[in-house]
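Colleague: Please give me a close look at the largest pocket. Start with the terms you need, then work outwards to what surrounds the pocket.

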Amino acid sequence: MKQNNLSLPIGCVLRKATSADKWSIRLSVFSAKLDPTQLRWQQFWVIECDGDIVACGQLRNFSNAQELGSLVVAPAWRGRGLGTFLTQYLINAATQPLYLECLGERLTEFYSGFGFVPISFEDLPRSLQFKFRWSELGKKLIKIPVVFMYYQNLT
């Protein structure tokens, strides 16, 4: 799905997050019920439309790996390609092997369209196994539908 012709709606810009965005990012991530740990605004990119942050996502750095994480699009802005645009941007910005965790079949299908493939917990780098250990425990004990994925097309 590597698309280079994606564009943002008129009035929207993609930019590196600033310290002024910290609370908007936190609120977006908490509202989406995503992992609230390791929210470092310095690792985030945001899409701002008419002065409001309507999407955000980050590349978390680990030892010999990166994680695409905390990708959120505001409910009122969904269905306009912002998640696709931001995901593709973050993939292109990755400098190390890229991984993510997601919940459910719908998100797994979304990320598969970019070239991510499901992998087992054991196939994750050690640094990510430590981070994802609670997700793996929830998957085993209470059948949380978490899927670990690897981006296989990183060059």
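Modeller: A residue is exposed when its relative accessible area is over 50%, and buried when that value is under 20%. Keep in mind that this is a predicted model. K143 reaches 64% relative accessibility, so K143 counts as exposed. That cut-off will come back below.

Now the pocket. Its volume is about 980 Å³. The lining has 34 residues, and those closest to the centre are L34, L71, C102, L107 and Y111. Five elements give two or more residues each: strand 4, helix 2, strand 5, helix 3 (104-112) and helix 4 (126-142). Strand 4 supplies the largest share, seven residues. By character, the lining divides into 17 nonpolar, eight polar and nine charged residues.

Take C102 next. This cysteine is among the residues closest to the pocket centre, and it lies in strand 5. C102 has a relative accessible area of 5%, so it is buried. Leaving out residues up to four places away in sequence, C102 touches L107, T108, Y111, P145, V146, V147 and M149. Two of these partners, L107 and Y111, are also listed closest to the pocket centre. The C-alpha of C102 is 14 Å from that of G115, which is 13 residues away along the chain.

Behind the pocket there is packing to look at. The largest nonpolar core holds 27 residues, and I47, L68, L82, L98, Y111 and F116 have the most contacts inside it. Strand 2 (44-49), strand 3 (52-62), strand 4 (65-73), helix 2 (82-93), strand 5 (98-103) and strand 7 (146-151) each bring at least two residues to this core. Helix 2 gives the most, five residues. A second, separate core has ten residues, including A65, Y99, V146 and F148. V146 is also one of the residues that C102 touches. L82 shows what the packing looks like in the larger core: beyond its neighbours within four places in sequence, L82 contacts L8, P9, I47, V54, A55, V73 and W77.

What about the cysteines, and which of them are bonded? The whole structure has one disulfide. This bond joins C12 to C49, with S to S at 1.9 Å. The link is right-handed, with 115° about the S-S bond. The two ends come from distant parts of the chain: C12 is in strand 1 (residues 12-16) and C49 is in strand 2, 37 residues apart. Both C12 and C49 are buried. C56 stays out of a bond because the closest cysteine sulfur, in C49, is 12 Å away, which is too far. At 1% relative accessible area, C56 is buried. The pocket cysteine, C102, is in no disulfide either, and the nearest cysteine sulfur, that of C56, is 17 Å from it.

Last, two loop residues with unusual signs of phi to check on your screen. K143 sits in the loop between helix 4 and strand 7. Phi there is positive, about 60°, although K143 is not a glycine. D50 is in the loop between strand 2 and strand 3. Phi of D50 is near 50°, again a positive value in a residue other than glycine. D50 has 62% relative accessibility, so it counts as exposed. Set these two against C102, which is buried at 5%.

Definitions and conventions: Residues are numbered from 1 along each chain as its sequence is written. This is a predicted model: local features need pLDDT of at least 70, side-chain atom pairs count only at pLDDT 80 or more; totals for chains, interfaces and linings use all residues. Side-chain values use heavy atoms; hydrogens and water are left out. A nonpolar core is a set of buried Ala, Val, Leu, Ile, Met, Phe, Trp, Tyr and Cys residues joined through side-chain atoms within 4.5 Å. Buried means under 20% relative accessible area, exposed over 50%, partly exposed in between (1.4 Å probe, protein chains only). Helices (H or I, at least four residues) and strands (E, at least two) are DSSP runs, numbered from the N terminus. Contact means heavy atoms within 4.5 Å. On a 1 Å grid over the protein atoms alone, a cavity is a set of points where a 1.4 Å probe fits but cannot get out, and a pocket is an open set with protein on both sides within 12 Å along at least five of seven lines; lining residues have an atom within 4 Å of a point. Grid points are joined across faces, edges and corners, and a volume is the space filled by probe spheres set on the points. Ala, Val, Leu, Ile, Met, Phe, Trp, Tyr, Cys and Pro count as nonpolar, Asp, Glu, Lys and Arg as charged, and the others, Gly among them, as polar. A disulfide is a pair of cysteine sulfur atoms within 2.5 Å.
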